[in-house]
Amino acid sequence: MDLKKIRVVVVDDSALVRSLLAEIINRQKDMECVGTANDPLVAREMIRELNPDVITLDIEMPRMDGIDFLGRLMRLRPMPVVMVSTLTERGAEITMKALELGAVDFVAKPRIGVASGLSELSDQIVEKVRIAASAHVRRAPAAPAGSTTLAGGTVAVHTPVASIGRVSTEKLICIGASTGGTEAIKEILTRLPADSPGIVITQHMPPGFTTSFAARLNSLCQIAVQEAVNGERILPGHAYIAPGGKQFRVSRSGANYVAVVEDGELVNRHKPSVEVLFKSVASVVGRNAYGVMLTGMGNDGAKAMREMKDAGSYNFVQDEASCIVFGMPREAILHGAADEVLPLTAIAPALLAKLSGTADRYRV
């Protein structure tokens with residue numbers, strides 16, 4: 001039986017990048033580049049004609065930039081998109097908007113040495129195309145009432161959440177995510193009040209992008225959101241995101257939780273790794289921890305989340321229907337790590353109810 005190949009259209013204004021990406025894709029036995037386009041208007045007709053499974057999309061292009069095109073595409077013909085972003089501060093900010101609009105993932109291409117850079121990234125590129133091909137992509141929703149429209153997308157503004165009330169400073173919320181996780185994390189953090197326990201987060205993301213991710217969340221949330229800094233105390237009302245390319249774990253100094261950020265080895269092929277963070281939480285925080293496993297490919301963090309549960313934590317896992325990719329949540333469930341398996345929109349209310357001890361107070 002012939003293998004059904006993943007059909008890919010490459011959209012980029014650089015002839016060199018189009019050629020390189022097509023070559024990388026066509027070297028794979030399970031995928032083929034069925035077309036290349038130098039701008040979104042050409043791409044639009046090519047998508048109609050060729051009906052690809054995945055497109056790779058550049059951001060800066062003539063006639064219509066990639067963000068505008070992505071927004072229209074996800075409203076009218078939602079499909080898996082992998083962004084090809086330049087590794088710059090502005091590129092990182094725009095990539096966050098692309099993920100918000102519905103792109104499945106992104107590849108950070110270098111500003112110089114593009115040919116050698118893309119060649120080095122070839123394994124990452126094809127892995128992300130494969131993941132995108134099996135991702136659950138949804139039509140971009142219409143702007144909800146009470147939302148704010150910003151350049152590159154519409155941001156839901158949740159009604160301010162009532163104070164939880166007195167919660168022990170010993171409590172800690174820890175979140176792990178990968179593909180699709182940036183929007184899933186935003187959904188949870190924007191629903192948490194300013195007096196939430198400290199929150200530690202590992203989202204699989206390369207260096208240079210977590211700064212923009214944290215800044216974006218900080219502008220939307222009632223809690224303060226930042227990249228984790230080595231040696232910094234983990235405070236209530238604050239969320240700390242693992243810096244891209246570093247391992248992040250929790251330690252203790254006296255009565256305080258402290259962030260440890262270091263250049264460790266890859267764990268489960270990742271740096272940062274959810275396994276590293278969750279394992280430290282199991283050891284240091286134990287029964288005072290609340291774990292949250294969100295959308296993502298692979299099994300990173302599943303074993304350590306079970307260790308958390310064995311140490312007394314209470315764990316929430318995102319359900320399959322609401323995941324972009326169900327890999328990490330599925331593995332956590334298979335390892336017996338989940339106390340509750342919930343739709344994404346139900347996790348924050350359930351977490352608040354657990355923290356406050358008043359289940360009727362918070363509703364989805």
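A cavity, on a 1 Å grid over the protein atoms alone, is a set of points where a 1.4 Å probe fits but cannot get out, and a residue lines it if the residue has an atom within 4 Å of a point. Grid points are joined across faces, edges and corners, and a volume is the space filled by probe spheres set on the points. With that in hand, we can walk through the structure above. It is a predicted model, in which local features need pLDDT of at least 70 and side-chain atom pairs count only at pLDDT 80 or more, while totals for chains, interfaces and linings use all residues. Residues are numbered from 1 along each chain as its sequence is written, and side-chain values use heavy atoms, with hydrogens and water left out.

Let us start with the whole chain. It holds 12 helices and 16 strands, where helices (H or I, at least four residues) and strands (E, at least two) are DSSP runs numbered from the N terminus. Of its 364 residues, 52% count as buried; buried means under 20% relative accessible area, exposed over 50%, and partly exposed in between, with a 1.4 Å probe and protein chains only.

Now for the enclosed space. There is one cavity of 30 Å³ or more, and the largest cavity contains about 60 Å³. Its lining consists of Met96, Glu100, Thr182, Glu183, Lys186, Phe213, Arg216 and Leu217. The elements giving two or more residues to this lining are α4 (89–101), α7 (181–189) and α8. Helix α7 is itself mostly covered, with eight of its nine residues buried; Thr182 and Lys186 are among them.

Helix α7 also leads us to open space. Along with β5 and α6 (122–133), α7 supplies at least two residues of the lining of the second largest pocket. A pocket is an open set of grid points with protein on both sides within 12 Å along at least five of seven lines. This one has a volume of about 770 Å³, and of its 34 lining residues, Gln124, Lys128, His204, Met205 and His270 lie nearest its centre.

His204 deserves a closer look. It sits in the loop between β9 (198–203) and α8 (210–220), and it counts as buried because its relative accessible area is 13%. Its side chain makes a polar contact of 2.8 Å with that of Ser178 and another of 2.7 Å with that of Asp300. A polar contact is a pair of N or O atoms within 3.5 Å; within protein, one must be able to donate a hydrogen and the other to accept it, and residues adjacent in sequence count only if both atoms are side-chain atoms.

Lys128 brings us to the rings, since it lies over the face of Phe106, at 5.2 Å from the ring centre. A charge sits over a ring if NZ of Lys or CZ of Arg is within 6 Å of the ring centre and within 35 degrees of the ring normal. Rings of Phe, Tyr and Trp (its six-membered ring) pair if their centres lie within 6.5 Å, with planes under 30 degrees apart counted as stacked, over 60 as edge-to-face and the rest as tilted. The count comes to two aromatic pairs. In the pair of Phe106 and Phe209, the centres are 4.6 Å apart and the planes at 40°, so it is tilted. This pair links distant parts of the chain, 103 residues apart, with Phe106 in strand β5 (residues 105–109) and Phe209 in the loop between β9 and α8.
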